[in-house]
Amino acid sequence: MSTNLTALVEELQAEVTALKETVSSTTSDHAEALDTIWMIYATSLIFFMHSGFSLLEAGSVRFRNTQNILVKNLMVVTVGFICWWSVGWGIALGVDWTAPVKDASNFNGDRGWFMDGLWDDQSMMKFWFFQGMFCATGGTIVSGSMAERTKIKGFTIYVIAMTTLIYPFVVYWAWSTRGFLNRYTDDMSSMESIFGPPLIDFAGSGVVHMVGGVGALFGAAIVGPRKDRYAPGTDAEFDGHNMPFCVMGTFFLWFGWYGFNPGSTGVMHSSADAQKASLVAVNTTMAPCLGGLVVFFLRARVLEPRRLDVGGFCNGILAGLVGVTACCATIKPWEAAIVGLIAGCLYQAGSMLLPRLQIDDVVDAFPVHGVCGCWSVLAAGLFGDPEEGHGGNGSLYGGDQFPTQIGSALIIGAWSAGWSLIILLPLRVVGFLRLNDEFQEKGADVMEHSPAKAYMTHGDQVIQSIA
């Protein structure tokens, strides 16, 4: 009798153990499926941002250069992803995750070229897809600043450099958990940087926007202003040709930002993940509202010519979005509103400064992405209460985060500036960068595109009302 009872107990214990293993495996599979769906959804929203960039930049140029700027947006995505596949991913996140942290480089990844190894661990493919879309975004930021006078071949060379060299190294430093700006301690008990606390850049204000924004500044400066751009009385001649495109592009970008920022959680299989993404989404809504309104008010009531400036409203919204991207997971909504308001003011200051320096940034890419990207990195060191449990460590609450944010911003800015100068200046010298005066006067669409006009009706007649 006792023998039979013992056997029954052992059988029940084996069944319970098997059931636990099944539940554990099912739970793990379910979590992986949820995370993958979330990441693909978020990345799809980010991909849609390229339609926003395309509309915004097309609306900001004169109609005779519409196809030319659209080609550059297409080149960024297609060439950028090939570069990310072949080299970029390996530098950015090519890490042996099973090796001790102390054995990893502080500077760059050293494996994963041409996606080597991802077939054996296909759970990493969603991160390859997500991060690759971020990489392409960095190149797109530069295209608008250099519009209407930049050769496609020179711009493509710069895109190759951005997506294989400039951007991937910064990703490794900040997001690989092995880089010198955000690295596990040797016992993997906490994170650190060369400045002390690890860098806070949740969704890439520094890694993506500041890198692209600084590149945009140097690109616009090195290629030089459009022909006659700063001649007396010519301002109106250089106005963008399609304000509805600019507004639609802005809304498309704002919509895509809900993949850019909330998607940076990287996971979505618990209530904590959902609540974090919700906070990020709320902050991603508050900041652009304040950024857009403050710029619109300043241009309507304070700054000459005191007119309602729809384009300024659009860029103020984008400034607020960039301004909250680094700190959107660590601050409260009222802090996000303040961050967005300050971002709008900083954008306006940068937008007024560039013409004084005769730097012709067609879409104000540097004020939006460079200035406000830097502000966001710094804001993450000022705001965010450590007591709230969201990872904040702001100096306004007694935290010690600010030195890390300052040091990181300086390093990222110097890296992007240095390489942009090294790449773009020789391109200008050898004649690969700037379109000649005839191209600029007639328009790149007529000179090198087929068909020669972006807008047509009644056969080959251009819609003159958009000119």
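## Salt bridges, a pocket and a few other spots

In this predicted model, the side chains of aspartate 309 and arginine 299 meet in a salt bridge, with N and O 2.8 Å apart. Aspartate 309 sits in the loop between α7 (271-302) and α8 (310-325), while arginine 299 is in helix α7 itself, so the pair ties together parts that are ten residues apart in sequence. How exposed or buried are the two partners? Aspartate 309 comes out as partly exposed, with a relative accessible area of 25%. Arginine 299 has a relative accessible area of 14%, which falls under the 20% cut-off, so it counts as buried.

That pair has company: the structure holds 14 salt bridges. Side chains of opposite charge can pair when their charged atoms come close. Here are three of the pairs, with the N to O distance for each.

| Salt bridge | N to O distance |
|---|---|
| Asp309 and Arg299 | 2.8 Å |
| Arg62 and Glu148 | 3.1 Å |
| Asp360 and Arg229 | 3.7 Å |

Take arginine 62 and glutamate 148, whose closest N and O atoms are 3.1 Å apart. Arginine 62 belongs to the loop between α1 (2-60) and α2 (66-93), and glutamate 148 to the loop between α3 (125-145) and α4 (152-175), so this salt bridge ties together parts that are 86 residues apart in sequence. Both arginine 62 and glutamate 148 are buried.

Aspartate 360 and arginine 229 make another salt bridge, at 3.7 Å from N to O. This one also runs from loop to loop: aspartate 360 is between α9 (333-356) and α10 (365-382), arginine 229 is between α5 (205-223) and α6 (243-260), and so the pair ties together parts that are 131 residues apart in sequence. Aspartate 360 is buried, and arginine 229 is buried too.

Which residues are linked in a network of salt bridges? They are Arg62, Glu148, Arg226, Arg229, Asp235 and Asp360.

### The pocket and the cavity

Some of these names come back in the largest pocket, which has a volume of about 1,200 Å³. Of the 37 residues that line the largest pocket, Arg229, Arg299, Asp309, Ser351 and Asp364 are the closest to its centre. Which helix gives the largest share of that lining? It's α9, with six residues. Looking at the lining by element, α1, α6, α8 and α9 each supply at least two residues.

Rolling a probe the size of a water molecule over the atoms shows where empty space is left. For closed-off space, the count comes to one cavity of 30 Å³ or more. The largest cavity has a volume of about 80 Å³. Among the residues that line the largest cavity are Phe53, Leu56, Thr140, Leu318, Asp364 and His369. The elements giving two or more residues to that lining are α1, α3, α8 and α10.

### A little sheet

The strands are quick to describe. Three of them form an open sheet in the order β1-β2-β3, with antiparallel pairing. β1 (178-179) and β3 (191-192) are the edge strands, and each pairs on one side only. Two bridges join β1 to β2 (residues 182-184), and these two strands run antiparallel. If you want a spot to look at, arginine 178 stands opposite arginine 183 in β2.

### On the surface

Now for a nonpolar patch. Ile157, Leu421, Leu425, Val429, Val430 and Phe432 form it on the surface, and together they have about 510 Å² of accessible area. Helix α11 (residues 402-429) gives the most to this patch, with three residues. Leucine 425 lies in helix α11, and with a relative accessible area of 41% leucine 425 is partly exposed.

### Two more residues

Is serine 450 buried or exposed? Serine 450 counts as exposed, at 73% relative accessibility. You'll find serine 450 in the segment after α13 (444-448). Its C-alpha atom and that of threonine 140 are separated by 23 Å, with their positions 310 residues apart along the chain.

Glutamine 131 is in helix α3 and is buried, with a relative accessible area of 11%. Glutamine 131 and glycine 88 are 43 residues apart in sequence, and their C-alpha atoms are 9.9 Å apart in space.

Definitions and conventions. Residues are numbered from 1 along each chain as its sequence is written. This is a predicted model: local features need pLDDT of at least 70, side-chain atom pairs count only at pLDDT 80 or more; totals for chains, interfaces and linings use all residues. Side-chain values use heavy atoms; hydrogens and water are left out. A salt bridge is a side-chain nitrogen of Lys or Arg within 4 Å of a carboxyl oxygen of Asp or Glu. Helices (H or I, at least four residues) and strands (E, at least two) are DSSP runs, numbered from the N terminus. Buried means under 20% relative accessible area, exposed over 50%, partly exposed in between (1.4 Å probe, protein chains only). Two strands pair if DSSP finds at least two bridges between them. Patches are made of residues with over 30% relative accessible area and no salt bridge: like charges are joined within 9 Å, nonpolar side chains (Val, Leu, Ile, Met, Phe, Trp, Tyr) within 5 Å. Accessible areas come from the Shrake-Rupley method with a 1.4 Å probe; for residues, only the protein chains shown count as cover. On a 1 Å grid over the protein atoms alone, a cavity is a set of points where a 1.4 Å probe fits but cannot get out, and a pocket is an open set with protein on both sides within 12 Å along at least five of seven lines; lining residues have an atom within 4 Å of a point. Grid points are joined across faces, edges and corners, and a volume is the space filled by probe spheres set on the points.
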